[in-house]
Amino acid sequence: KIIYQTERCKKIVQNLLDFARTPSGDMTPLVVNEVILTSLNLVKDQSMFLGIDVSTKLAPDLPLVMGDLSRLEEVFLNLFINAADAMDGKGLLHISSRLSSSGMVKISISDTGKGIDKAYLPHIFEPFFTTKEPGQGTGLGLSITYGIIQKHGGLIDVQSEPGKSTTFTITLPP
C-alpha cells in the first residue's frame with residue numbers, strides 16, 4: 001500500500017502541475033467498478049472512516065470506460081474523503097454504479113453528512129472555494145475533480161440537503 005500510495009502521490013503532483021493542459025496519462029479501457037473498489041480500499045482503513053459504514057451496490061457487467069486510471073482514482077478518493085469529512089466520523093457512505101437508460105455509466109457517491117448549504121452549491125466546483133476552516137482545505141479538490149471528469153467526456157452533478165445528505169453523481173460515456 002505504501003509503494004502504491006507513493007506512486008499515486010507522485011502522479012497527483014504531476015497532474016496538479018499539468019492541470020491546465022491536456023492529461024498526459026494514458027486513456028485506456030477501464031472497468032469502473034474496479035477503479036471504485038481500488039480507491040475505496042486505499043482509504044477505508046484510515047482513522048477517519050472507522051465510524052463510517054460503507055455500502056456498495058455496483059452493477060455487474062457495465063461497459064468499459066476510456067479513462068486515465070490515476071486521475072479517476074483521484075476523483076473517487078477526493079469524493080470519499082470529502083464525504084468522510086462531512087460525516088465527522090459517523091454515518092453511511094453509499095457508492096453505486098449503474099447503466100443509465102441512455103447507455104451512460106453512472107456512479108453515485110452519497111453520504112449522510114451535514115450537507116451543503118444551498119447558497120454554496122453554485123460555487124463548489126470553483127477553484128479555491130472551500131467551506132472548511134482555514135488550514136483544513138485548499139478548495140482545489142472539487143475543482144480538480146470537475147476538470148478530470150470533463151476531460152473524460154463526462155459530467156458531475158451534486159444534490160444536497162443541508163443537515164442530512166449529499167450525493168455526487170458522475171456520468172461517463174462507455
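## Model and confidence

pLDDT is the predictor's confidence in each residue, on a scale from 0 to 100. The mean pLDDT of this protein is 87, and 87% of its residues reach 70 or more. Among the elements, helix α1 (residues 2-17) has the lowest mean pLDDT, 74, and strand β5 (residues 105-111) the highest, 98. Where pLDDT is low, the predicted coordinates should not be read in detail.

The structure is a predicted model, in which local features need pLDDT of at least 70 and side-chain atom pairs count only at pLDDT 80 or more, while totals for chains, interfaces and linings use all residues. Residues are numbered from 1 along each chain as its sequence is written, and side-chain values use heavy atoms, with hydrogens and water left out. Helices (H or I, at least four residues) and strands (E, at least two) are DSSP runs, numbered from the N terminus.

## Helices α2 and α3

The expected span of a helix is 1.5 Å times one less than its number of residues. For the 12 residues of α2 (residues 32-43) this gives 16 Å, in agreement with the 17 Å between the end C-alpha atoms. For the 19 residues of α3 (residues 69-87) the expected span is 27 Å, and the end C-alpha atoms are 27 Å apart, which agrees.

Buried means under 20% relative accessible area, exposed over 50%, and partly exposed in between (1.4 Å probe, protein chains only). The buried residues of α2 are Val32, Asn33, Val35, Ile36, Ser39, Leu40, Leu42 and Val43. In α3, 15 of the 19 residues are buried, so this helix is largely enclosed by the rest of the structure.

## Packing of α3 against α4

Helices α3 and α4 (residues 141-151) pack at an angle of about 145°, with their axes 9 Å apart; axes are lines fitted to C-alpha atoms, for helices over the stretch in contact, and angles run from 0 to 180 degrees between N-to-C directions.

Contact means heavy atoms within 4.5 Å. On the α3 side the contact involves Arg71, Leu72, Glu74, Val75, Asn78, Leu79 and Asn82, which meet Gly141, Leu142, Ile144, Thr145, Ile148 and Ile149 of α4.

## Positive phi values

Most residues other than glycine have a negative phi. Asp61, not a glycine, has a positive phi of about 60°. Asp61 lies in the loop between β2 (52-58) and β3 (65-67) and is exposed, with a relative accessible area of 78%.

Asp88 follows just after α3 and takes a positive phi of about 50°. Asp88 is in the loop between α3 and β4 (91-99), and at 57% relative accessibility counts as exposed.
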